[in-house]
Amino acid sequence: MTIAYSCIANGRAVLAELTLTGGSYQEAAATVLKLVLLRAEPKTIIQMGSFVYHTLFIDGITYLCASDNALDTVTPSAFLKNVSETFLRNPLMSQGHFSPSNAVATDFQQVLGKYMMKYNKNQEDSSISTLKSQVTDVKNVMTQNIDKILEREERLNIFTDRTDALQTTAKESQKTRKILGRIWWKHFKKIIVITMAILLSIIIILLSTNVIPT
C-alpha cells in the first residue's frame, strides 16, 4: 500500500498538498472535499478511479490522503490522525492564519512528506517481513517433503539388500533390481517435481510483492 497524495483543506480550499507519485489527484480530491462538506461526517472512504481517498474532518478542516489499496484502512487512518494532531498543535495553523498564500502552507508540505514517507516505509518493511515469513514456510515444507522421500529411499535400500540376499539366481536378481530401479526413479522424479513446484511458489511470492521487477 502506498499513500500517493495528501492534502489539508479549509472547506474546499486546499491549504497544503503533496504528491509523491505521478498522476493528477486534484480533480478527484476536489470532488471528495465537496462530498465531505455535504456529509459532514468525521471519516469517509471514497473510491475514485484506481485510488481510495480517506478523509478526516475536524472543526471545518479536512485531512485527506489517497492510497492504492482499498483493503488497508488502518494505515491511512493512522496517517491522517498524525497529520491532524501536528496541525492542531501549531498555533499558526489556525483557520484564521492558515491560508494558501501563507508561507506556513509551504512548511506544512514538509510535514505531509515526512508522514507519507514514514507510513509508506512501514508498509514496505511489513511487506518484506511477510515475504521472508512466506519463503521460510515454503523452505520448511520443502525440507520436510525431501526428508520424507529420503526416508523412503533409505527403506528402499534396506529392502534392496534383503532382496539381493534372498535371490537364488542371477536372472532373478537382475529382474528384481530392474523393478527396484523403476521404484527409485519414481521417487527421484517426485523430488524433482516437488522442488520445481516450491521454486515456482517462491517466484510467485516475489512477483506478488514486486521484489522482482516484471
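This briefing describes the fold, core, surface charge and local backbone features of one protein.

The structure is a predicted model. The protein contains 4 helices and 5 strands, and from the N terminus on its elements follow the order β-β-α-β-β-β-α-α-α. Of the 214 residues in the protein, 32% are buried.

**Nonpolar core**

- The largest nonpolar core has 19 residues, and the members that touch the most others are Ile3, Ile8, Tyr63, Phe79, Val83 and Phe108.
- At least two residues of this core come from each of β1 (3-10), β2 (13-19), β5, α2 (74-89) and α3.
- Helix α3 provides the largest share of this core, with 6 residues.
- As a general background, nonpolar side chains tend to be buried together in soluble globular proteins.

**Positive surface patch**

- Five side chains are named in a positive surface patch: Lys148, Arg152, Lys186, Lys189 and Lys190.
- Two helices, α3 (103-166) and α4 (170-208), each contribute at least two residues to the positive patch.
- Helix α4 gives the most to the positive patch, namely 3 residues.
- Lys186 is located in helix α4; its relative accessible area is 51%, so Lys186 counts as exposed, the cut-off being over 50%.
- Arg152 belongs to helix α3, and Arg152 is partly exposed, with a relative accessible area of 37%.
- Patch membership requires over 30% relative accessible area, a condition that Lys186 meets at 51% and Arg152 at 37%.
- Arg152 and His187 are separated by 35 residues in sequence, while their C-alpha atoms are 8.4 Å apart in space.

**Salt bridge**

- A search of the whole structure yields 1 salt bridge.
- A salt bridge links the side chains of Lys81 and Glu85, with a distance of 2.6 Å from N to O.
- Both Lys81 and Glu85 sit in helix α2, and they are 4 residues apart, about one turn of the helix.
- Lys81 has a relative accessibility of 47% and counts as partly exposed.
- Glu85 is also partly exposed, its relative accessible area being 30%.
- Helix α2, which holds Lys81 and Glu85, is also one of the elements that supply at least two residues of the largest nonpolar core.

**Residues with positive phi**

- In general, most residues other than glycine have a negative phi.
- Ala40 has a positive phi, near 55°, although Ala40 is a residue other than glycine.
- The position of Ala40 is in the loop between α1 (26-39) and β3 (43-48).
- With a relative accessible area of 49%, Ala40 is partly exposed; Ala40 does not count as exposed because that class requires over 50%.
- Asp59 likewise has a positive phi, of about 50°, and is not a glycine.
- The loop between β4 (51-58) and β5 (61-67) contains Asp59.
- Asp59 counts as exposed, since its relative accessibility is 61%.

Key:
Residues are numbered from 1 along each chain as its sequence is written. This is a predicted model: local features need pLDDT of at least 70, side-chain atom pairs count only at pLDDT 80 or more; totals for chains, interfaces and linings use all residues. Side-chain values use heavy atoms; hydrogens and water are left out. Patches are made of residues with over 30% relative accessible area and no salt bridge: like charges are joined within 9 Å, nonpolar side chains (Val, Leu, Ile, Met, Phe, Trp, Tyr) within 5 Å. Accessible areas come from the Shrake-Rupley method with a 1.4 Å probe; for residues, only the protein chains shown count as cover. A salt bridge is a side-chain nitrogen of Lys or Arg within 4 Å of a carboxyl oxygen of Asp or Glu. Lys and Arg count as positive and Asp and Glu as negative; His and the chain ends are not counted. The place of a charge is taken as NZ of Lys, CZ of Arg, CG of Asp or CD of Glu. Buried means under 20% relative accessible area, exposed over 50%, partly exposed in between (1.4 Å probe, protein chains only). A nonpolar core is a set of buried Ala, Val, Leu, Ile, Met, Phe, Trp, Tyr and Cys residues joined through side-chain atoms within 4.5 Å.
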